[in-house]
Amino acid sequence: MTDLPKAYTPRDVEGAIYERWLAADVFAPDGAGSTADPELPPFTITQPPPNVTGSLHLGHAQRTTVEDLMTRHARMRGHAALFLPGLDHASIAAQFVLDAILAKEGESRQSLGRERYLERMVAFSESTRPVMLAQQRRVGASADWGRLRYTMDEGSAKSVRVAFARLYRDGLAYRTEALVNWCPGCQTSISDLEVVPTPETGTLWLVRYHLVDEASGELDPERSVVVATTRPETILGDTAVAVHPDDERYRELVGRRARIPFVDRDVPIIADEVVDRAFGTGAVKITPAHDQDDHETGKRHGLPAPTILADDATMANTGTEFDGLDRYEARRRIVAALTDRGDVVEERVHEMIVGRCQRSDDVLEPRLKTQWFIRTEPLAARALGATRSRRTAILPERFEKTWEHWLTNIRDWNVSRQLWWGHRIPAWYCPVGHVTVTADPAGPMACEVCARPAGELQQDPDIFDTWFSSGLWPFSTLGWPDETPDYARYYPTSVMETGYDIIFFWVARMMMLGLHLTGTAPFHTVYLSGLIRDPEGKKMSKTKGNVVDPLGVIDETGADALRFALIHGSAAGQDQRFGTAKLENARNFANKLWNATRFVAGARPASIAADTERRLPDTRHLGPAERWILSRASATVATVDAAMADYAFGEVTRVLYDAIWNEFCDWGVELAKVRLADGSLPDDVHEATWWALVEALDTYLRLLHPVMPFVTEALWAAIPHRASDPGLLIVARWPAAVERDIEIERQVSALIGLVGDLRNARTTAKIPAGDWLETRVHVPPDLGATFEALRPALERMARARPLHRELTPEALDATRAPGDLTVVAGAGDIEATIRPAAIDEGASALERARLERELSEAEGWLAAARERLANESFMGKAPPAVVDGARAREAELADQVERLRDRLAG
RNA sequence: GGGCGAUUAGCUCAGUUGGUCAGAGCGUACGGUUCACAUCCGUAAGGUCACUGGUUCGAGCCCAGUAUCGCCCA
């Protein structure tokens, strides 16, 4: 069909193609248009659900592309391929976004109240949701939209309740008072993973605490101890001073008491090995309610742990003038007051690490709270078992080390969040504090300990960490805890593709929860993508303003170009910089393919009807070029298959780019052109030639479809199909590698090499590209027939006319005239001469220099080859195949060197 | 403090089990109105594969160490 426009315009094609896929119902593995083989196992990917309130960025586009290409590949191979899409309610992240919007309206979480806030959230997410889904369609995701899930839908809610109830029953969920990471900005606790350790330059204050005279109970005027602290405001919560037990400086102080300023609390001086003698003065204050280490120390020594901060990080319950002050204001005033008293001994600049909130960047406060935790140790052990036994593989493999380390040092997971947007924890408390956990959405009938009626019970106000529902994703989306048909058929899933940055947040949790709740690892392969960075290598982020909107890119260069660019030259787990050069290259490639197809479609011999059914080329009428391209196409199938099996998607695109551009377009099409245009050949030959091109092109379109689905689908429609083909490429069968014709590949590639060498010689001698020059060639006898068959094409490709074939090297020599350009090609056994239109001294010199350069290069290789063959160790120890190869190479080089020397001498 | 990654052509990066693998794209230079494509075609130049040592007949690839940059964990 020649009605394809001259340049590929993705905009004119993509939307319509996606609509056709939707209309044909081919995304669902059990859709009306599915061609899945029921005998084959299904292939399942559950999409990492993007945050519902966000918008897609390049990272999403990259992941969608990888997931989609695996899905499309599996689908074409006949598997029932399920790409299950979804959205995440994103609890804290969504609240953060909404809170910012509310703030602009002069409202806040508090001003709205829980109910209205949640209504607002639902409305907001409903406004962003269709945008996000549309974005994914633009990228080309062949996801089963009919199975779209949401972490806040009833299915997810049910699985959350059931999962938690099971964990509780199994002793893996417990409620306790513990020191948690509190974000004063978000007003919630967060998990250890959400803490961002941030280096900061702070101050280390050395503060004098006066000792108490045990006899009088008054301050001992003689004795004091100087403690070092970076947080003077927590002095108000001190319940001890600690020194190292072996520290001679303080040995005699241990057991005495010191008076805490402002609160006038007398606290013991204790000895504990946790103290670092080299830090500060070697004596530290202990604030068990506001520091992780101090909390542990306090527990060991039975110290009280008064909380002195409110949820908003103002001072509270100290009974001092500082109550009600912000923590930093309190710090300033306390330092000032201590200075006035003369008790600030020293201030030092101090480099330290401060924990900040991943979401709001607020400095976190360790706070004592009663919360729910998941006991992770037994779960982690099973997760490790799954990867160690290779029931689940992690790619790239090096992440297994990270995985091992984290899971073997894992800490219990705090799942309580003092937020509103999310799944409410299904735990109820009776007035005396008994706990009842139930999966029943209506709540418990009564306290399961004391049987107090439901009316007296109160549900936990907290919600779950958003990652809790995410952790159930691979099975909650398929119907778990119910034994649904989907769950039976598609679980466990096949591949979990995601960014390596959430391996702990998400992958580990899915693994742990999946193994415990479903008894099986939720996926057999974890494919970790690298991160997309900006051209300078910086992480893309909204605050940096370097985020690229994929829709803009798609509008400009097309979804296929974006997808190709994201895959090409990438490797699993490896970050990539993303710039316009890659995109342009990908766009050009799509255009190249478009035009190649345009040529093939337009080159259909008149003897073949436009709507004809696909035929295999008649092998009797195939020329070497056609046999060559068919063989190369088959080789490409094999290489792509191998790369796909290795999840080496960058290799897939590399191989296809090379095959399509440098083999099919540059030579397959160019060589065929001559034959197709040769009116002296019979129709049978034209037809076979054309069918060969169609066959090869069809193979490439199929192979490329997973990466570039739109353009391949569009182009596939422009070439004849087989009777067995479905109407759409997306559900057509993946090609099978057939036996290659190695001999024809060798011969044609030698002649292609000859053309290149002839062009090189002409260019070096500054011969105008368009000049037709008399050219003589000698090829070894076994290449003779192929040479003759390709002669017209070779003439054209090398601008060699007339083109004579000499039967012996001597015959070629005999025709040589002064000024002739000489070419030694192939394995040194092909020679050619080009006769310029006029003898040009300058050109001759250039020509001679070229030959000399070639000779010295060949001599160098030859010397190396001979050295190798002379090496007894090599001859003795290298495998015979390698030795044979080296011998053949040596012979070739010797031949080449000899001929080049002859030419230069003659 | 522990771990991981990167270091290959001017730039951005491929290189699966060690045996012509020294590659691609972009860029550069020169030349092209070849009837699919200037989003193109042809030709070319450019690299001691970070450094040092080791294993091996043979190392970009394996081992040890060093340097620089980056990331993760504590």
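**Figure 1. The residue after helix α13 has a positive phi.** Just past α13 comes G519, with a phi near 80 degrees. The helix itself spans residues 503-518, and 16 of its 16 residues are buried. Here, buried means under 20% relative accessible area, exposed over 50% and partly exposed in between, using a 1.4 Å probe on protein chains only. Helices (H or I, at least four residues) and strands (E, at least two) are DSSP runs numbered from the N terminus. A word on the model as you look: it is predicted, so local features need pLDDT of at least 70 and side-chain atom pairs pLDDT 80 or more, while totals for chains, interfaces and linings use all residues. Residues are numbered from 1 along each chain as its sequence is written, chains are lettered from A and ligands numbered from 1 in the order in which they are written, and side-chain values use heavy atoms, leaving out hydrogens and water.

**Figure 2. Strands β1 and β2 run parallel.** The two strands pair in the parallel sense over four bridges; pairing requires that DSSP finds at least two bridges between strands. Opposite I45 you will find F83 of β2. Strand β2 covers residues 81-84, with A81 and F83 pointing one way, L82 and L84 the other, and all of them buried. In β1 (residues 43-46), look for T46. Which residues does T46 touch, beyond those up to four places away in sequence? They are L84, W473, P474, T477, T493 and M496, where contact means heavy atoms within 4.5 Å. T46 has a relative accessible area of 0%, so it is buried.

**Figure 3. S125 sits in helix α4.** This helix takes in residues 109-139. The side chain of S125 reaches the backbone oxygen of V122 at 3.0 Å. That is a polar contact, a pair of N or O atoms within 3.5 Å; within protein, one atom must be able to donate a hydrogen and the other to accept it, and residues adjacent in sequence count only if both atoms are side-chain atoms. Setting aside residues up to four places away in sequence, S125 touches V52, T53, Y150 and W421. Because its relative accessibility is 4%, S125 counts as buried.

**Figure 4. The largest nonpolar core has 145 residues.** W21, L562, F649, F664 and L754 have the most contacts inside this core. Its largest share, 15 residues, comes from α18. A second, separate core of 60 residues includes W406, W467, Y487 and L513. A nonpolar core is a set of buried Ala, Val, Leu, Ile, Met, Phe, Trp, Tyr and Cys residues joined through side-chain atoms within 4.5 Å. Zoom in on W21 and, leaving aside neighbours within four places in sequence, you will see contacts that include V26, F27, H705 and F710.

**Figure 5. RNA strand B has 38 residues around it.** K592, N595, W661, K877 and R889 come nearest; a residue is near the strand if one of its heavy atoms lies within 4 Å. Which helix gives the most to this surface? It is α16, with nine residues. Of the strand's atoms within 4 Å of the protein, 64% belong to sugar or phosphate and the rest to bases. A phosphate oxygen is 3.0 Å from an N or O atom in the side chain of N760, and a sugar or linking oxygen is 3.2 Å from one in the side chain of N585. For a base contact, look to C665, where a backbone N or O atom lies 3.3 Å from a base nitrogen.
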